[in-house]
Amino acid sequence: GGSGARRSISILGSTGSIGVNTLDVVEQLGGREVFDLVAITGNSNIGLLAEQAKRFGARMAVTADELNYPELKQAVAGSGVEAAAGPDAVVEAAAAGADWVMAAIVGTAGLAPTLAAASRGADIALANKECLVSAGDFFIEAVRKGGGRLIPVDSEHSAIFQSLEDDQHHAVERIVLTASGGPFRTWTREQMSDVTVEVAKAHPNWSMGLKISIGSASMFNKALEMIEAKHLFNLRPDQIEVIVHPQSIIHSMVGYTDGSVLAQLGAPDMRTAIGYALTYPDRPKLNVERLDFAKLARLDFEAPDEARFPALRLARLALERGGIQGAVMNAAEEVAFDAFCQGRIGFLQMADIAEAVMEAMVGAPAATSIDEVFAGDAEARRRAAEIVAQKEMAA
Ligand code: NAD
Ligand code: MG
């Protein structure tokens with residue numbers, strides 16, 4: 001900053017909830033005067049992708065879906081924005097020269113592009129937690145080799161990152177991930193058994209994409225975040241705690257060997273974590289809600305219930321087992337999530353399917369390459385799809 005040169009950035013998944021919030025932060029911090037937007041990528045919302053590209057003067061707009069190419073090309077015609085399409089084009093855009101890349105594609109679809117950006121040495125602002133859940137060690141290694149920074153965007157992990165004192169990692173005893181508990185925090189399993197997508201996606205505090213909203217209801221999102229935390233902060237499984245905190249004001253905490261606990265608090269607004277990742281180690285000036293403690297009056301905490309939310313138990317299993325169990329859990333759950341959204345299985349069956357696939361693949365050898373991670377992911381998907389079909393026949 002200050003030298004007149006604009007900062008080059010790219011946003012993978014610019015049309016999603018995190019992507020839109022990222023562009024809001026970019027706008028608040030000066031927009032195209034300050035940032036050189038190298039590439040933005042999306043999938044199906046071509047109208048929004050083209051509008052973003054034109055408004056922020058992106059050099060490149062890429063849709064992951066080849067079928068959308070004609071629409072995108074037409075929408076950016078004459079604007080100077082280059083259009084491209086297909087999964088390989090998304091990877092190429094990720095590898096193009098931006099210094100800072102927001103990884104905000106949802107699911108394992110984000111892994112190859114984010115790895116490409118990391119390997120090229122970009123600073124990675126990581127929202128796409130599935131990268132770490134599936135390919136943890138390989139992803140961390142790609143970042144290390146590339147030489148860029150890895151800055152968490154997930155609110156819990158941003159909170160931990162902000163609460164970790166420099167040079168005091170040896171004194172970290174535990175981290176405490178807060179969880180809102182989602183819309184079914186007080187529900188029985190019986191009540192959850194026949195909920196629809198519409199009911200499950202209504203998160204009490206945060207406004208987010210569909211996958212993570214459903215994952216908040218099932219607490220699968222917290223399960224992914226436990227594994228994400230292990231890799232980001234190099235923790236043992238027994239150092240990772242989850243506490244239900246319905247107000248989502250404390251975003252997470254770090255406990256030290258002297259009994260101190262440091263926390264980061266804020267309004268439930270992803271722009272704080274995004275802004276922190278964009279200007280780290282500085283803090284930006286952001287127009288977001290300020291906490292009014294007198295109005296808040298109280299913060300509540302409850303122990304999580306693994307019987308009602310088995311995803312948390314599955315995450316523990318994946319953490320303890322290691323190997324490709326994280327990739328397997330994530331892939332099976334993605335398939336089960338799609339099936340739930342299509343009305344093919346019930347809400348509670350998502351965890352059943354993830355568990356069945358994890359058990360079936362418990363003996364699979366640890367991956368020795370990223371290709372083996374992808375192979376494990378593919379096998380887990382195949383097995384999960386089989387179970388979905390069986391459950392459908394039985395219903
Ligand atoms: P979203 O569904 O709102 O957006 C997803 C983005 O990915 C969109 O731009 C979409 O076009 C793109 N995309 C979808 N399928 C794709 C594919 N096959 N190939 C390439 N691009 C594809 O999701 P979101 O809520 O913004 O979440 C994005 C990521 O950030 C997820 O990993 C999520 O867990 C994480 N995250 C989100 C929030 C939040 O507040 N929304 C908070 C923490 C972490
Ligand atoms: Mg989170």
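Which residue in S5 does Ile9 stand opposite? Select Ile9 and follow the pairing across to S5, where the residue opposite Ile9 is Trp100. Keep in mind from the outset that this is a predicted model, and that everything on this tour is computed from its coordinates.

**The parallel sheet**

With that pair on screen, widen the selection to strand S1 (residues 7–12) and strand S5 (residues 100–103), which pair in the parallel sense over 4 bridges. These two strands belong to an open sheet of 7 strands with parallel pairing, and if you colour its members in turn the order reads S4-S3-S2-S1-S5-S6-S7. The edges of the sheet are strand S4 (82–85) and strand S7 (150–152), each of which pairs on one side only. Looking along the sheet, you will find neighbouring strands turned by 15° against each other on average, with direction ignored.

Stay with S5 and add its other partner, S6, since 4 bridges join S5 to S6 and the two run parallel. Here Val101 stands opposite Ile124 in S6. Now show the side chains of strand S6 (residues 123–126): Asp123 and Ala125 point one way, Ile124 and Leu126 point the other way, and all of them are buried. In a regular strand, side chains alternate between the two faces of the sheet.

Moving back towards S4, select helix H3 (residues 69–76), which lies across strand S3 (60–63) and S4 and runs at about 170° to S4.

**The nonpolar core**

Next, select Ala61, Val101, Ala103, Ile124, Ala125, Ala332 and Ala336, the residues that touch the most other members of the largest nonpolar core, which has 125 residues. Helix H15 (residues 325–341) gives the most to this core, contributing 10 residues. To see how one of these residues is surrounded, centre the view on Val101, which, leaving aside its neighbours within four places in sequence, is in contact with Ser10, Leu12, Ala94, Ala117, Ala122, Ile124 and Ala125. Nonpolar side chains tend to be buried together in soluble globular proteins.

**Around ligand 1**

Turn now to ligand 1 and display its shell of 27 residues, of which Gly16, Asn43, Ala64, Met208 and Gly209 come nearest. Coloured by character, the shell divides into 13 nonpolar, 10 polar and 4 charged residues. Helix H1 (17–28) and helix H10 (210–218) each supply at least two residues of this shell.

From here, select Ser17, whose place is in helix H1. Is Ser17 buried or exposed? Ser17 counts as buried because it has 20 C-beta neighbours inside 10 Å. Not counting residues up to four places away in sequence, Ser17 touches Ser207, Met208 and Gly209. For a longer view, draw the distance from Ser17 to Leu286: these residues are 269 apart along the chain, and their C-alpha atoms are separated by 18 Å.

**Strand S8 and its partners**

The next selection is strand S8 (residues 172–179), which is largely enclosed by the rest of the structure, because 6 of its 8 residues are buried. S8 pairs in the antiparallel sense with strand S10 (residues 250–256) over 4 bridges, and within that pairing Val176 stands opposite Met253. S8 is also joined to S9 by 5 bridges, but S8 and S9 run parallel, and the bridge partner of Ala179 in S9 is Val244.

**Loops to inspect last**

Finish among the loops, beginning with the one between helix H11 (220–233) and strand S9 (240–244), where Asn234 is found. Asn234 has a positive phi of about 55° although it is not a glycine, and this residue is exposed, with 11 other C-beta atoms within 10 Å.

Then go to the loop between helix H12 (270–279) and helix H13 (293–296), which holds Pro281; the peptide bond joining Tyr280 and Pro281 is cis, with omega about 5°. Asp292 is found in the loop between H12 and H13 as well, and Asp292 counts as exposed because 9 other C-beta atoms lie within 10 Å. The C-alpha atoms of Asp292 and Gly266, which are 26 residues apart along the chain, are separated by 9.8 Å.

The last stop is Ala297, in the loop between H13 and helix H14 (311–321). What is phi of Ala297 near? Phi of Ala297 is near 65°, a positive value in a residue other than glycine, and Ala297 is exposed, with 8 other C-beta atoms within 10 Å.

Definitions and conventions
Residues are numbered from 1 along each chain as its sequence is written. Chains are lettered from A and ligands numbered from 1 in the order in which they are written. This is a predicted model: local features need pLDDT of at least 70, side-chain atom pairs count only at pLDDT 80 or more; totals for chains, interfaces and linings use all residues. A nonpolar core is a set of buried Ala, Val, Leu, Ile, Met, Phe, Trp, Tyr and Cys residues joined through C-beta atoms within 7 Å. A residue is buried if 20 or more other C-beta atoms lie within 10 Å of its own, exposed if 12 or fewer, and partly exposed in between; C-beta atoms are placed from the backbone. Two residues are in contact if their C-beta atoms, placed from the backbone, lie within 7 Å. A residue is near a molecule or strand if its C-beta atom, placed from the backbone, lies within 6 Å of it. Ala, Val, Leu, Ile, Met, Phe, Trp, Tyr, Cys and Pro count as nonpolar, Asp, Glu, Lys and Arg as charged, and the others, Gly among them, as polar. Two strands pair if DSSP finds at least two bridges between them. Axes are lines fitted to C-alpha atoms, for helices over the stretch in contact, and angles run from 0 to 180 degrees between N-to-C directions.
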